[in-house]
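The exercises below concern one protein chain. Please examine its sequence and structure before reading the solutions.

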Amino acid sequence: MALSDSSSPRRNTLIPSFLYGSSPKTLPLHQILNSSAAPAATQPSSVSGGSRGSGLMIPAPKESGKIEMYSPAFYAACTAGGILSCGLTHMAVTPLDLVKCNMQIDPTKYKSISSGFGVLLKEQGVKGFFRGWVPTLLGYSAQGACKFGFYEFFKKYYSDIAGPEYASKYKTLIYLAGSASAEVIADVALCPFEAVKVRVQTQPGFARGLADGLPKFVKSEGTLGLYKGLVPLWGRQIPYTMMKFASFETIVELIYKHAIPTPKNECSKNLQLGVSFAGGYVAGVFCAIVSHPADNLVSFLNNAKGATVGDAVKKLGLWGLFTRGLPLRIVMIGTLTGAQWGIYDAFKVFVGLPTTGGPAPPASAPAELAKA
């Protein structure tokens, strides 16, 4: 049986080409239908007769399963990667988050990181270190899905609006706008879980977890009470995410430009993932510093019924608002952000997509592309 090779002027296949193509544009509907319907119209003799122009075609193994950039499958993969990267990492650092929240709420009892762990171990045992892990896992999985999925969407959307030349010239602004837009949506998904998590972690005896904590919270505060921390959450997470994505993209670009002599596309996947982790860790340190005052506000408001921002500032003070629990949060967020970028890009590599970030294209490239 003769099969047509890759030099055939017309490729017919049982699998529509949009499922494995590498073009940044999706195919119109009539082309998809034509590509999938073509084999049905092929004469049986062409399969065994050796015709080079038509016949049953089998796609090359290297092309099958390839995800087209900016297709629905691409955004679905980014969403799945975001679920894994945020949900798993936040759940893993639940003990650190637990101590941090209690240091913010009751600094007289939880005076330092080491004493905080000691108090929790004495009062609640080892199991107490993972109190609130279910709302943490579910909440940050939902947030990660929206954060990474919508970031990729808005980054492409704003780049298309700006055009090739301005998208390259003002790429940092596009990173900032795309990440901010994504985080607005992501925090709406996170907020109810965050409210229950903080209450479970900082009020022993309130509830064992999400299943009994959510009904108790709604009964006490009402459904809208789940979102009373939304504005402070935006205040914490939007600057955090803008710093997380913009600084990561910039740091990774600088690493490939100045620290690694080999072009990115010639680097091994392991090296690229190492760059993703390193860039994510440094970005995480900046994120922690920028978003920490709002983090203190969120913990305070979700812990105390009827509390206001003014109450938080009066009790914590401006200095305490910026510094209380900050060293622990720098360690936690740095590690967390580095691991998130590592997991996210590892998943992208697993499904056949390139890692995030890299050297900017030459300045003349956008203009040439626009002319073409």
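Some notes on the model come first, followed by exercises with worked solutions.

The model is predicted, so to speak of local features a pLDDT of at least 70 is needed, side-chain atom pairs count only at pLDDT 80 or more, and totals for chains, interfaces and linings use all residues. Residues are numbered from 1 along each chain as its sequence is written, and side-chain values use heavy atoms, with hydrogens and water left out.

**Exercise 1. Describe the overall make-up of the chain.**

Step 1. The chain contains 14 helices and zero strands. Helices (H or I, at least four residues) and strands (E, at least two) are DSSP runs, numbered from the N terminus.

Step 2. Of the 372 residues in the chain, 47% are buried. Buried means under 20% relative accessible area, exposed over 50%, and partly exposed in between (1.4 Å probe, protein chains only).

Step 3. Among contacts between residues at least 6 apart in sequence, 78% join residues at least 24 apart. Contact means heavy atoms within 4.5 Å.

**Exercise 2. Determine how helix α4 packs against helix α11.**

Step 1. Two packed helices are described by the angle between their axes and the distance between the axes. Axes are lines fitted to C-alpha atoms, for helices over the stretch in contact, and angles run from 0 to 180 degrees between N-to-C directions.

Step 2. The axes of α4 (residues 94-105) and α11 (residues 269-303) cross at roughly 80 degrees and come within 9 Å.

Step 3. The two helices, α4 and α11, are therefore roughly perpendicular. Angles under 35 degrees count as roughly parallel, over 145 as roughly antiparallel, 65 to 115 as roughly perpendicular and the rest as oblique.

Step 4. On α4 the contact uses K100, C101, Q104 and I105, and on α11 it uses H292, D295, N296, S299, F300 and N303. The residues of this contact of α4 with α11 comprise three nonpolar, five polar and two charged. Ala, Val, Leu, Ile, Met, Phe, Trp, Tyr, Cys and Pro count as nonpolar, Asp, Glu, Lys and Arg as charged, and the others, Gly among them, as polar.

**Exercise 3. Carry out the corresponding analysis for helices α8 and α9.**

Step 1. Helix α8 (residues 171-202) packs on helix α9 (residues 210-221) at an angle of about 100 degrees, the axes being 10 Å apart. This makes α8 roughly perpendicular to α9.

Step 2. The contact is formed by F193, A195, V196 and R199 of α8 together with L210, G213, L214, F217 and E221 of α9. The residues of the contact of α8 with α9 divide into six nonpolar, one polar and two charged.

**Exercise 4. Establish which residues of helix α5 are buried and how they are arranged.**

Step 1. In α5, the buried residues are G116, V119 and L120.

Step 2. Viewed down the axis of α5, these buried residues fall within an arc of 95 degrees, so they line one face of the helix. The arc is that of the directions from the helix axis to the C-beta atoms.

Step 3. The face of α5 turned away from the buried side carries the exposed residues S114 and K122. The cover over the buried residues of α5 includes α4.

Step 4. Just after α5, G125 has a positive phi of about 80 degrees.

**Exercise 5. Characterise the loop residues Y70 and L224.**

Step 1. Y70 lies in the loop between α2 (44-49) and α3 (72-92). Its phi is near 65 degrees, a positive value in a residue other than glycine. With 30% relative accessibility, Y70 counts as partly exposed.

Step 2. L224 lies in the loop between α9 and α10 (230-259). L224 is exposed, with a relative accessible area of 75%.
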